[in-house]
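Ready for a little ring-hunting? Take a look at the model below, and then work through the exercises at your own pace.

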Amino acid sequence: MPLHPARRMWLLTEPYHALVYFAPETRKELDAAGMKGFWMGYFASRAAAMGPVDAPVVTATFFNFNPAMVTRAIPDAWRLALPTELLEARLRGVDRALRRICGDDMLQSPEVEEAAELATSAAEVCGARPQGRPLGAAHADVTLAEEPHLVLWQALTALREWRGDGHIAALIGADVGAPECHVLIAARGRVPAEVLRTSRHWSEEDWAAAVDRLRSRGWVDADGAFTEAGRAASDALETRTDELAMPPWDALGSEGCERLASLLQEPIRAINDSRAVPFPNPMGLDKGA
């Protein structure tokens, strides 16, 4: 079956954003800003668009992490650096990583400038429709980037966080929590269960309890594999997520989406060829997507 348009655009654009989580340049900039370890930098820099929020807000908006993992980083991070300082450090890290991987000639090309304009146009919907989209709305309001390749990164960041907010809404509507959502991803075969469990710091007992809860609904078997009903339910969640993510792409139009996809081919290829984003990864992003 053809991919839903919103899913296709996520698959095409996510590597450009996701570079931020794996590039050593980002880690160095966040460490220099005062962060103590990778996860403090991750939680604080991603949440910083919302201001110095407390751990429960980060747990709620990020959704899939063990709450104890969040409380080890937040609110201590705000005693070490201001949110604006972390946003700036994050952007510097992305800038350095993109320059290393793509090169200045590519990043300063008319194609990247046009891609930034198109992505920004789509992301304007995220700012115009903030209701129920806290992380997407917060990132849509960040205006630190000036150079086109960074404007592009910020716009794609707002779009992916806005999509993520919608995904959380779909999960809550279906009474699927964490780590049940990861059990469903693992059942689809996108990401090994152990990668999801350990990266989000869920214990083996937590994971087994999540499997039991889904099994009681008739969605998985004792091994966490899909039943027919579970696959249908998971497919419905994926479809609903895509539907909720469509407004920005509807605003851009099919021609605009195709043009953006075309313009991004070269930088995305460079990112994928560099192996800067590992496969498999917790986002469920497929290699070569």
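**Aromatic contacts**

In this predicted model, one aromatic cluster is formed by Tyr-21, Phe-38, Trp-39, Tyr-42, Phe-43, Phe-62 and Phe-65. A search of the whole structure finds twelve aromatic pairs.

**Exercise 1.** Classify the pair formed by the rings of Tyr-42 and Phe-62, and say in which helices the two residues lie.

*Solution.* Start with the geometry: the ring centres of Tyr-42 and Phe-62 are 6.0 Å apart, and their planes stand at 80 degrees. Pairing needs centres within 6.5 Å, and planes over 60 degrees apart count as edge-to-face, so this pair is edge-to-face. Next, the location: Tyr-42 belongs to helix H3 (residues 38-47) and Phe-62 to helix H4 (residues 55-62), so the pair ties together parts 20 residues apart in sequence. Finally, Tyr-42 and Phe-62 are both buried.

**Exercise 2.** Do the same for Phe-43 and Phe-65: which kind of pair do their rings make, and are the residues buried or exposed?

*Solution.* Here the centres of the Phe-43 and Phe-65 rings lie 5.0 Å apart with planes at 80 degrees, so this pair is edge-to-face. Phe-43 is in helix H3, while Phe-65 is in the loop between H4 and helix H5 (67-71), so parts 22 residues apart in sequence are tied together. Both Phe-43 and Phe-65 are buried.

**Exercise 3.** Find the ring over which the charged end of Arg-46 sits, then do likewise for Arg-217.

*Solution.* For Arg-46, the charged end sits over the ring of Phe-62, 4.2 Å from the ring centre. For Arg-217, the ring is that of Trp-219, with the charged end 4.1 Å from its centre.

Methods:
Residues numbered from 1 in each chain as written. Predicted model: local features only at pLDDT ≥ 70, side-chain atom pairs only at ≥ 80, totals over all residues. Heavy atoms only, no water. Phe/Tyr/Trp six-rings, centres within 6.5 Å; stacked < 30°, edge-to-face > 60°. Helix = DSSP H or I, 4+ residues; strand = E, 2+ residues; numbered from the N terminus. Buried < 20%, exposed > 50% of the residue type's maximum accessible area, 1.4 Å probe, protein only. Lys NZ or Arg CZ within 6 Å of the ring centre and 35° of its normal.
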